[in-house]
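Student: I should like to learn how to read the features of a structural model in a sensible order. Could we work through one together?

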Amino acid sequence: TLHQHPELAFEEHETARGVVDFLTELKIPCRAGVGKTGVVATLRGAKPGRTMGIRADMDALPINEQTGLAFASKLPGKMHACGHDGHCATLLTACSVLQREAASLNGGRVKAIFQPAEEGAGGAKRIGSPSPSPASPSPSARPSSTPAPPSAHATPPSSSATTSPSN
């Protein structure tokens with residue numbers, strides 16, 4: 001599960017791989033390696049229109065989890081103590097719903113931004129600054145508070161598919 005395998009800032013390689021696998025399973029184009037370990041997916045409505053960004057952070061904290069819970073971190077010194085695993089699960093659920101309902105949306109695009117290194121390491125700057133990264137989200141991208149997160153302890157389905165361009 002995501003909660004059991006937390007990764008620190010700019011080390012979110014397995015987290016990003018799980019995000020890409022889940023999005024690929026849904027046939028949502030995405031780019032990995034954005035801002036080093038981030039992922040940006042692009043969902044399109046049935047018609048052209050404005051672009052909106054929704055962001056979730058992915059990194060964990062350097063804390064030993066001592067909860068004793070069955071789904072506790074399996075990695076010593078690393079823990080999702082701020083809920084970033086839940087943020088990822090919530091944004092993945094939002095992507096699933098938006099993809100399913102794309103034909104009935106008024107139009108436009110949604111950039112789903114899975115940001116690395118939110119915990120003080122400058123991940124947002126690396127995602128939003130021009131660089132050789134595969135994709136850059138709109139500067140108007142803002143954090144989202146999507147309601148009703150799914151279980152943050154669910155593992156996204158895996159596949160060995162590759163990513164697609166976000167444009």
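Tutor: Let us begin with a helix of this predicted model. The buried residues of α2 are His84, Asp85, Gly86, Cys88, Ala89, Thr90, Leu91, Leu92, Ala94 and Cys95.

Student: Which elements do the buried residues of α2 pack against?

Tutor: The general idea concerns helix geometry: an α-helix has 3.6 residues a turn, so residues three or four places apart point the same way. In this structure, the buried residues of α2 pack against α1, β2, β3 and β4. The helix itself has 17 residues and reaches 24 Å from its first C-alpha to its last, close to the 24 Å expected at 1.5 Å a residue.

Student: Where does α2 stand in the order of elements along the protein chain?

Tutor: From the N terminus, the order is α-β-β-β-α-β-α-β, with α2 following the run of β strands. The protein chain has three helices and five strands in total.

Student: How should I read the nonpolar core, and which residues have the most contacts inside it?

Tutor: In soluble globular proteins, nonpolar side chains tend to be buried together. Here the largest nonpolar core has 22 residues, and Leu23, Val39, Leu91, Cys95, Ala112 and Phe114 have the most contacts inside it. At least two residues of this core come from each of α1, β2, β3 (51-57), α2 (84-100) and β4 (109-115).

Student: Which residues does valine 39 touch?

Tutor: Leaving aside residues up to four places away in sequence, valine 39 touches Ala16, Val19, Val20, Leu23, Cys30, Arg31, Ala32, Ala112, Ile113 and Phe114. For the protein chain as a whole, 76% of the contacts between residues at least 6 apart in sequence join residues at least 24 apart.

Student: What share of the protein chain is buried?

Tutor: Buried residues account for 41% of the 167 residues. The protein chain exposes about 8600 Å², of which carbon and sulfur atoms supply 56%.

Student: What should I look for in the backbone angles, for example in the phi of lysine 27?

Tutor: Most residues other than glycine have a negative phi. Lysine 27, although not a glycine, has a positive phi of about 65°. This residue is in the loop between α1 (13-25) and β1 (30-34), and lysine 27 counts as exposed because its relative accessibility is 68%.

Student: Where does lysine 36 lie, and is it exposed or partly exposed?

Tutor: Lysine 36 lies in the loop between β1 and β2 (38-44). Its phi is also positive, near 95°. At 46% relative accessibility, lysine 36 counts as partly exposed.

How values were computed
Residues numbered from 1 in each chain as written. Predicted model: local features only at pLDDT ≥ 70, side-chain atom pairs only at ≥ 80, totals over all residues. Heavy atoms only, no water. Helix = DSSP H or I, 4+ residues; strand = E, 2+ residues; numbered from the N terminus. Buried < 20%, exposed > 50% of the residue type's maximum accessible area, 1.4 Å probe, protein only. Contact = heavy atoms within 4.5 Å. Areas by Shrake-Rupley, 256 points an atom, 1.4 Å probe, with all protein chains shown as cover. Core = buried A, V, L, I, M, F, W, Y, C linked by side-chain atoms within 4.5 Å. Expected span 1.5 Å × (residues − 1).
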